[in-house]
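The following exercises are intended to be worked with the sequence and the model side by side. Please attempt each task before reading its solution.

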Amino acid sequence: MKFAIQSRNDELSNRLMDEAKKYLTDFGLVFDEAEPEIVLSIGGDGTMLHAYHKYQHRLQETAFVGIHTGHLGFYADWKPEEIEKLVIAISRKKFQVIEYPLLEVTVNYQDSNESVTYLAMNESTVKSPEVTLVMDVELNGGHFERFRGDGLCMSTPSGSTAYNKALGGAILHPSLASMQLTEMASINNRVFRTVGAPLVLPAHHKCVLTPVKGPDFMVTIDHLQLFLKDVKSIEYQVSEKRVRFARFRPFPFWSRVHDSFIDSDV
Ligand code: NAP
């Protein structure tokens, strides 16, 4: 089996990367950065985001596993001291694959038929370089609201514990093929109205944002920040593609939520 390693590039992560590489090679696995079947991410959830984007072109062929060298992560749930155990498990080549939904983001440009599609693992946000973002929000072909405020965030279920949670969104189990729209400081008064609550949309529903004031925007796709000019619309839907994680032992999602946000020692 071919493997690659993504490190956060701090001292501990790099040391673990060297150890893991040596152990795995000793067990007969082949280091192949171009076409890995399994990618070890050593660092945090942010490191896993980088690993996912690096190998996004081969999601069908690659499974990810994360070791955290800081605090427990949602994508990085193995401890550094468990590295030998993990390497032995990987070398047996038998593991369960868990698939998580992804968010498809399509940006359509004005005055051309050009559109560019991105795949987010956590979320995509839209903000305006002006003080207030003004966007028409369309759900499944029907006008829903005219949003005025700091910005909008559309997250995946696995990204719901990240930026989405800070915006007051719900935590969604990643088995729910869905996407969640949350507001950033919407303007609500006698003149302007938004729903004022997070919306959870199922697969096959589409959300289209059309600029009322624009047409330049700051759009994020996970950790990537894009400055987009002449935007006609931004479309969100649950992707048919999924990201695959290698599971070697049960660590239920709700236990990770508990250990991350409530108490890690109980
Ligand atoms: P960063 O600013 O260095 O890290 C943001 C934090 O988000 C890190 O603590 C990271 O965990 C954590 N994180 C990432 N994915 C997560 C997930 N699925 N569930 C729970 N926590 C998660 O930025 P980055 O490392 O490049 O990551 C980009 C992400 O930052 C974005 O996708 C967005 O979700 C998040 N973000 C959050 C806020 C906020 O909460 N107000 C604001 C902007 C961006 P690790 O420490 O384990 O890497």
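Three exercises on this predicted model follow.

**Exercise 1. The interface between the domains**

Task: Describe the contact between domain 1 and domain 2, and state which residues and helices of domain 1 contribute to it.

Solution.
Step 1. The domain assignment places residues 2-95 and 248-261 in domain 1, and residues 102-240 in domain 2. The contact draws 13 residues from domain 1 and 17 residues from domain 2.
Step 2. The C-alpha centres of the two domains are 30 Å apart. About 1,300 Å² is buried between domain 1 and domain 2, and carbon and sulfur atoms give 74% of this area.
Step 3. Of the area that domain 1 buries against domain 2, 39% is supplied by Tyr 52, Tyr 75 and Phe 253, more than by any other three residues.
Step 4. There are 0 salt bridges between domain 1 and domain 2, while 6 residue pairs are in polar contact across the interface.
Step 5. Helices α2 (45-54) and α5 (253-261) each supply at least two residues of the side of domain 1 that touches domain 2. The largest share, 5 residues, comes from α2.
Step 6. By class, this side of domain 1 has 10 nonpolar, 3 polar and no charged residues.

**Exercise 2. The surroundings of Phe 217**

Task: Determine whether Phe 217 is buried or exposed, and which residues it contacts.

Solution.
Step 1. Phe 217 belongs to strand β13, which spans residues 217-221.
Step 2. The relative accessible area of Phe 217 is 1%, so the residue counts as buried, the cut-off being under 20%.
Step 3. Beyond its neighbours within four places in sequence, Phe 217 is in contact with residues including Val 126, Leu 133, Met 135, Leu 226, Phe 227 and Val 231.

**Exercise 3. Salt bridges and exposure**

Task: For the salt bridges Asp 216 with Lys 229 and Glu 82 with Lys 85, assign an exposure class to each partner.

Solution.
Step 1. In the pair of Asp 216 and Lys 229, the closest N and O atoms are 3.5 Å apart. Asp 216 lies in the loop between β12 (207-211) and β13, and Lys 229 in the loop between β14 (224-228) and β15 (231-247), 13 residues apart.
Step 2. Asp 216 is partly exposed, at 25% relative accessibility, whereas Lys 229 is exposed, at 57%.
Step 3. The side chains of Glu 82 and Lys 85 meet at 4.0 Å, N to O. Glu 82 is buried at 14%, and Lys 85 is exposed at 53%.
Step 4. The count of salt bridges comes to 14; Lys 2, Asp 32 and Glu 35 are linked in a network.

Conventions:
Residues are numbered from 1 along each chain as its sequence is written. This is a predicted model: local features need pLDDT of at least 70, side-chain atom pairs count only at pLDDT 80 or more; totals for chains, interfaces and linings use all residues. Side-chain values use heavy atoms; hydrogens and water are left out. Helices (H or I, at least four residues) and strands (E, at least two) are DSSP runs, numbered from the N terminus. Buried means under 20% relative accessible area, exposed over 50%, partly exposed in between (1.4 Å probe, protein chains only). Contact means heavy atoms within 4.5 Å. Domain bounds come from an automatic or database domain assignment. Buried area is the accessible area (1.4 Å probe) that two parts lose on being put together, summed over both. A polar contact is a pair of N or O atoms within 3.5 Å; within protein, one must be able to donate a hydrogen and the other to accept it, and residues adjacent in sequence count only if both atoms are side-chain atoms. Ala, Val, Leu, Ile, Met, Phe, Trp, Tyr, Cys and Pro count as nonpolar, Asp, Glu, Lys and Arg as charged, and the others, Gly among them, as polar.
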